[in-house]
Amino acid sequence: MLFNESSRIRWTLSYGDESIERVDYFKYLGVWLDSDLKWEYQIGKLNSKLSQVAGIFKKISPVVPDQTKKMLYFSLFHSHMVYGIAVWGAAGSSTVSQLQTTQNKAIKNLFGYRRRTATAFIHTRNQLLTVGSTYSAVVCNHIHKVLHGGIHTNTVLGREKLMTLHFSSFFFIPFLRDVFVTRFVYIVLSAA
């Protein structure tokens, strides 16, 4: 896949005698990559899948006990939303906002809230993170594992060099708007 190809230069890639076809997007390990790395196709496909789950939540909400609803949310919705979020989670805010709207709709449908209920209240009441906060938590968790040797990394920098870069802008994570994530970030950064 060629990323951000100029219209004036046409590249032809080949492997041996076979030429490699140029495509606008392709699926790799369950994540759709597009040629511009804007993640619009990935988020669109994910949003479509999660919208179906939100519709199912509306139908089953009256018959499912309250203690089971959170388990359903994490198994049917959150598991799909969080897969690959460390890769595509920093996409443009207008693209990610579509997914945030679907998440809000799914939570309201499942827990029986009215459409005009404030989403901040719903997330706080049910202790659920927003899409942006989930992205921040996943990235901070990964950084914590890298810094403390809990995960193998293929970075060029060694662990000692990462420790010296610890407080630089290298680890700036956007979307720190949630109380739960702010506490998590404080714990991760203070532990290093």
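This is a guided tour of a predicted model, with suggestions for what to select at each stop.

**The whole chain**

Start with the protein chain in cartoon view. Its secondary structure comes to eight helices and four strands. Color from the N terminus on and you can follow the order of the elements, β-β-β-β-α-α-α-α-α-α-α-α. Now switch to a surface. The accessible surface of the chain comes to about 12800 Å², and carbon and sulfur atoms account for 56% of that surface. Of the 192 residues in the chain, 33% are buried. If you draw a contact map, look at the pairs at least 6 apart in sequence: 59% of those contacts join residues at least 24 apart.

**The hairpin of E3 and E4**

Next, select residues 25–28, which are strand E3, together with E4 (31–34). Four bridges join E3 to E4, and the two strands run antiparallel. For one position in the pairing, show Lys27, which stands opposite Trp32 in E4. Two residues lie between the strands of this hairpin. Leu29 is in the turn, and its phi is positive, at about 55 degrees.

Stay with E4 and show its side chains. In a regular strand the side chains alternate between the two faces of the sheet. Which residues of E4 are buried on one side, and which on the other? Val31 and Leu33 are buried on one side, while Trp32 and Asp34 are buried on the other, so that both faces of E4 are covered.

**Leu37, on the way to H1**

Move on to Leu37, in the loop between E4 and H1. Phi here is near 55 degrees, a positive value in a residue other than glycine. With a relative accessible area of 37%, Leu37 is partly exposed.

**Helix H1 and its two sides**

Select residues 40–60 for helix H1. The helix has 21 residues, and from its first C-alpha to its last it reaches 30 Å, close to the 30 Å expected at 1.5 Å a residue. Show the side chains of Gln42, Ile43, Leu46, Asn47, Leu50, Val53, Ala54 and Phe57, which are buried. Why do these residues share a side of H1? They do so because they cover an arc of only 130 degrees around the axis. The spacing fits a general rule: an α-helix has 3.6 residues a turn, so residues three or four places apart point the same way.

Turn to the other side of H1 and you will find Gln52 and Lys59, which are exposed. To see what covers the buried residues, add strand E4, helix H2 (66–82), helix H3 (85–88) and helix H4 (93–111), all of which are part of that cover.

**Lys69 in H2**

In helix H2, select Lys69. Is this lysine buried or exposed? At 7% relative accessibility, Lys69 counts as buried. Leaving aside residues up to four places away in sequence, Lys69 touches Ser61, Val64, Leu110 and Phe111. Draw a distance to the backbone oxygen of Leu110: a polar atom of the Lys69 side chain lies 3.4 Å from that oxygen.

**H4 and the residue after it**

Follow H4 from end to end. Its 19 residues should span 27 Å at 1.5 Å a residue, and the end C-alpha atoms are 26 Å apart, which agrees. Then click on Gly112, which follows H4 and has a positive phi, near 75 degrees.

**His123 in H5**

Helix H5 covers residues 119–126, and His123 is found in it. At 5% relative accessibility, His123 counts as buried. Which side chain does His123 join in a polar contact? Show Asn104 next to it: the contact between the two side chains is 2.9 Å.

**From Gln127 into H6**

Continue to Gln127, in the loop between H5 and helix H6 (131–147). Phi of Gln127 is near 55 degrees, again a positive value in a residue other than glycine. At 54% relative accessibility, Gln127 counts as exposed.

The last stop is Cys140, in helix H6. Cys140 counts as buried, at 5% relative accessibility. Select Ala86 as well and compare sequence with space: Cys140 and Ala86 are 54 residues apart along the chain, and their C-alpha atoms are separated by 9.7 Å.

Technical notes
Residues are numbered from 1 along each chain as its sequence is written. This is a predicted model: local features need pLDDT of at least 70, side-chain atom pairs count only at pLDDT 80 or more; totals for chains, interfaces and linings use all residues. Side-chain values use heavy atoms; hydrogens and water are left out. The expected span of a helix is 1.5 Å times one less than its number of residues. Buried means under 20% relative accessible area, exposed over 50%, partly exposed in between (1.4 Å probe, protein chains only). The arc is that of the directions from the helix axis to the C-beta atoms. Contact means heavy atoms within 4.5 Å. A polar contact is a pair of N or O atoms within 3.5 Å; within protein, one must be able to donate a hydrogen and the other to accept it, and residues adjacent in sequence count only if both atoms are side-chain atoms. Two strands pair if DSSP finds at least two bridges between them. Accessible areas come from the Shrake-Rupley method with a 1.4 Å probe; for residues, only the protein chains shown count as cover.
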